[in-house]
Amino acid sequence: SGQCPACGAWNTLVEAPSRPKNENKVTAEAHRSRQSPEKLSELDTEEEIRFSTGVGELDRVLGGGGVRGAHGVGKSTLLLQLCGLIGKTERVLYVSGEESRRQLKMRAQRLGVSDGDIYVLAETQVSEILSAAEDLQPTVVIIDSIQTMFDAEVSATPGSVSQVRESTMAIMRRAKSDGFTAFVVGHINKEGNIAGPKVLEHMV
């Protein structure tokens, strides 16, 4: 079938492998060593991750120099501003698949976001994220971004149709059962369209 029966769009259906049974399950040892959410206000930023580009004006534009491992267009900045506002009354779990905790802490300091019940977790595996949410019991969960998340039981790469669909569904199911609000961030391309598979648009 070349046409989607739901929206009428052409060439949006993609063949996806069937879900394997218990494949690539997280081992007990890996589960014991998994990261736990840390409160944003308690994160340490002593280790310097900025570096000078050697061009003074460029350093100034970048906020004091380049940041190791950094990239982006402002999603995290907007999300942290949101956290600063809702974190005063809600328990927020900010899950970043692209940035380290130190990078988030540095941005939060620049934005003046220091108070509130805000926890951060640098993780991309959906099962680990849901386990952390079960332990922390947040009222708001932010996923930044869905294209970086993956379900270990799906044999496909992050950002693929299968991964986006299964990861989003897992988060939606847990949000409904546990009663938290989920903000799922998706990338957009230069034309302003949602990047990657159209399945995310259909699910929304």
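Tutor: Let's start with a cut-off: a residue is buried under 20% relative accessible area, exposed over 50%, and partly exposed in between. Keep in mind that this is a predicted model.

Student: Thanks! Is Glu-38 buried, exposed or partly exposed?

Tutor: Its relative accessibility is 37%. Buried needs a value under 20% and exposed a value over 50%, so Glu-38 counts as partly exposed.

Student: Which side chain does Glu-38 meet in a salt bridge?

Tutor: As general background, side chains of opposite charge can pair when their charged atoms come close. Here the N to O distance is 2.6 Å, and the partner is buried, with a relative accessible area of 11%. The side chain that pairs with Glu-38 is that of Arg-101.

Student: How many residues apart in sequence are the parts that this pair, Arg-101 and Glu-38, ties together?

Tutor: Look at where each residue lies: Glu-38 belongs to strand S1 (residues 38-39), while Arg-101 belongs to helix H4 (residues 101-111). The pair therefore ties together parts whose separation in sequence is 63 residues.

Student: Which helix holds both Glu-57 and Arg-60?

Tutor: These two side chains also meet in a salt bridge, at 3.0 Å from N to O. Glu-57 is exposed at 52% relative accessible area, and Arg-60 is exposed at 56%. They sit three residues apart, about one turn of the helix, and that helix is H2 (residues 56-61).

Student: Are Glu-99 and Arg-107 buried or exposed?

Tutor: Glu-99 and Arg-107 form a salt bridge too, with their closest N and O atoms 2.9 Å apart. As for accessibility, both residues are buried.

Student: How many salt bridges does the count come to?

Tutor: Besides the pairs we have discussed, a network of salt bridges links Lys-39, Arg-91 and Asp-117. The rule asks for a Lys or Arg side-chain nitrogen within 4 Å of an Asp or Glu carboxyl oxygen, and by that rule the count comes to six.

Student: On to the nonpolar side. Which element supplies the largest share of the largest nonpolar core?

Tutor: In soluble globular proteins, nonpolar side chains tend to be buried together. This core has 22 residues, and Val-141 and Ile-143 are among those that touch the most other members. Strand S4 (92-96), strand S6 (140-144) and helix H5 (126-136) are among the elements that each supply at least two residues. The largest share, six residues, comes from H5.

Student: How many residues make up the second, separate core?

Tutor: Its members include Tyr-94, Ile-118, Val-120 and Val-140. The size of this second core is 15 residues.

Notes:
Residues numbered from 1 in each chain as written. Predicted model: local features only at pLDDT ≥ 70, side-chain atom pairs only at ≥ 80, totals over all residues. Heavy atoms only, no water. Helix = DSSP H or I, 4+ residues; strand = E, 2+ residues; numbered from the N terminus. Buried < 20%, exposed > 50% of the residue type's maximum accessible area, 1.4 Å probe, protein only. Core = buried A, V, L, I, M, F, W, Y, C linked by side-chain atoms within 4.5 Å.
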